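This report looks at a protein model through its helix packing, its chain interface and its salt bridges. Please read it with the sequence and the coordinates at hand.

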There are 2 protein chains.
Amino acid sequence: MIERTHLAIIQQVSLRGTLTEAAISLHLTQSALSHAIKKLESQLNVKIWSKEGRVLRLTQAGESMLSLANRILPQLEHTEVLMKQIAAGQKGTLRIGMECHPCYQWLLTVVAPYLELWSDVDVDVKQKFQFGGIGALFNHDIDALVTPDPLFKRGLIFEPVFDYELVLVVNADHQLAQQDYVTPEDLSNVTLITYPIEIERLDIFSKFMLPAQSSPYKHKTIETIETTDIMLQMVASNRGVSALPAWLVEQYTNALPIKAIRLGKKGIHKQIFIGLREQESEIEYVKSFVALAKQA
Amino acid sequence: MIERTHLAIIQQVSLRGTLTEAAISLHLTQSALSHAIKKLESQLNVKIWSKEGRVLRLTQAGESMLSLANRILPQLEHTEVLMKQIAAGQKGTLRIGMECHPCYQWLLTVVAPYLELWSDVDVDVKQKFQFGGIGALFNHDIDALVTPDPLFKRGLIFEPVFDYELVLVVNADHQLAQQDYVTPEDLSNVTLITYPIEIERLDIFSKFMLPAQSSPYKHKTIETIETTDIMLQMVASNRGVSALPAWLVEQYTNALPIKAIRLGKKGIHKQIFIGLREQESEIEYVKSFVALAKQA
DNA sequence: ACAACCTATGAATGTAATTCATAAAACAAT
DNA sequence: ATTGTTTTATGAATTACATTCATAGGTTGT
């Protein structure tokens, strides 16, 4: 029988490297872990790791168990947190996943009133997912996903929450600043500043440059995630141009010497969705979040 | 600490209704379960169920734990099976999910040589998924998904394995049998026989009738899943018409008085994909399955 | 009211996890 | 090579915990 402790041991050993350290982090003795694993091995009749010198290398079987541990343990831990919250009279935690960088600013405007309204609900925002936002939703790593790419599949529900236009931000004195709109070719001799994510997920590339087989003179990424401000500062000081939601740029046009220009004749129009697990979509404090998001 | 036994108890109780029956199925006494749950409740400081008369009704907290149990226990059980297989010198099990009914016949032609080639790999085919095929793949309920709807997301890989044309099957003496192709309107006075799945997932509706805002005179579904034969028998005896892959119909045109007709001038062309988890896509016996599928 | 079900619970029991105290092996430095 | 340090492995003792037993206390239906 694979028990929770076995998985915890395997996880900690692969994390810390040695049985001894794993034992410390689990508040047990090295001997306990050694015995526990030995027993499991003889029950299942497989070796979990082999000793190469003094390092423990996971076997095929061990890898399977580690993968199981990484999938299961977070869920157990989260349920325990949930129980604590229920015990404390709270509703629970709404874990929001973000797959849309500029949305961060927008999300803040939704979360603030939400926290007011639901004082007994915690909010937790996550931005990194091993298997993408959809995977995180299926795995119960998050409860709601803010994304521009909905996925209408059984078990999941996606609701559109807001529309915006993606625009090019340039310095007010930039050569392009006078134009009504820019073409993909216009960008071939500028430095483009973006969030540090894959090119396929950057709309300015996937929906504008790539279809026209154009590419910018130079591509710079900003390392930190929350700092849309920094990107705009860079644009303001003429280090390059960037692509951001129109509503976001508007907030800065008074403070900084920047200008928003339409991308292409018709502009690039985007929609943001919130994805939920169908089961949970009727829970009051979940529904309320989506409702607030639609208003914002 | 939520342990595996706790989850097993909660699952069995919600399945069988009473503690006593759950105890029997777990080879324990009723007393053991009562004590175990009592302890958990006092540790977490939440009630798991409340007694309404003699039935146990899960509380909010209990529901969370049940959901956790249903997600986690199958994964533990599967890993144990895997361990047994590894212990026995086997490679493991390839659990194939199917989201494409007519593909069943085709899959058989792939599985047969695969079993020959990989005598130390078991194959398991599943067709029902609580959260859809994609969900099953993310949840590790299956290892490969046969589907017409690929989903290019991080963590998953989809490979096209074969193309086919969807055709209308009619009785050889049917009024439509003489036509080179049929229009959506042609179908408005026939009985259409399909697999028992949602209309949105039936291509004959979603790609042919619905865009033309047409609908059949009558819509009949066949209850059992594997029986494409039955559907063709129905067509052969003039009880209605159906939509199936061309290659499948061809196999029966000699034996039965049926005829395949193109749907629309250009026909409906479909592609079938196999989806895998990225992590596992490099495992030899998994790769080999996709390779064989491409050949078939 | 009684039989036939349930669940709850305290005390006794038995089992299994954990520690303790070493041994044995691997590595680094002298 | 030798020594000191750091690791895992293991048998025996100990402790903690799960489980059972025996029984009381509910609920339901006849």
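The sections below take up the basis of the model, two helix pairs, the interface and the salt bridges.

## Basis of the model

This is a predicted model, in which local features need pLDDT of at least 70 and side-chain atom pairs count only at pLDDT 80 or more, while totals for chains, interfaces and linings use all residues. Residues are numbered from 1 along each chain as its sequence is written, chains are lettered from A and ligands numbered from 1 in the order in which they are written, and side-chain values use heavy atoms, with hydrogens and water left out.

## Helices α1 and α4 of chain A

Helices and strands are DSSP runs numbered from the N terminus (H or I, at least four residues, for helices; E, at least two, for strands). The axes of α1(A) (residues 4-16) and α4(A) (residues 60-87) come within 8 Å and cross at roughly 110°, where axes are lines fitted to C-alpha atoms, for helices over the stretch in contact, and angles run from 0 to 180 degrees between N-to-C directions. The two helices are therefore roughly perpendicular (angles under 35 degrees count as roughly parallel, over 145 as roughly antiparallel, 65 to 115 as roughly perpendicular and the rest as oblique).

Contact here means heavy atoms within 4.5 Å, and the residues that α1(A) brings to it include L7(A), I10(A) and Q11(A), while those of α4(A) include M65(A), A69(A) and L73(A).

## Helices α5 and α10 of chain A

The axes of α5(A) (residues 103-117) and α10(A) (residues 284-295) come within 9 Å and cross at roughly 135°, and this pair is therefore oblique. Among the residues in contact are W106(A), V110(A) and Y114(A) of α5(A), together with Y285(A), F289(A) and L292(A) of α10(A).

## The interface of chains A and B

Each chain enters the contact with a set of residues, 41 from chain B and 41 from chain A. The area buried between them is about 3800 Å², of which carbon and sulfur atoms give 63%; buried area is the accessible area (1.4 Å probe) that two parts lose on being put together, summed over both. On the chain B side, M83(B), F138(B) and R154(B) lose the most area to chain A, together 17% of what that side buries.

## Salt bridges

With a salt bridge taken as a side-chain nitrogen of Lys or Arg within 4 Å of a carboxyl oxygen of Asp or Glu, the structure holds 26 over all chains, whereas zero are found across the interface of chain B and chain A.

One of the salt bridges joins the side chains of D143(A) and R277(A), at 2.9 Å from N to O. D143(A) lies in the loop between α6 (132-138) and β5 (144-147) of chain A and R277(A) in strand β12 (residues 268-277) of chain A, so this pair ties together parts that are 134 residues apart in sequence.
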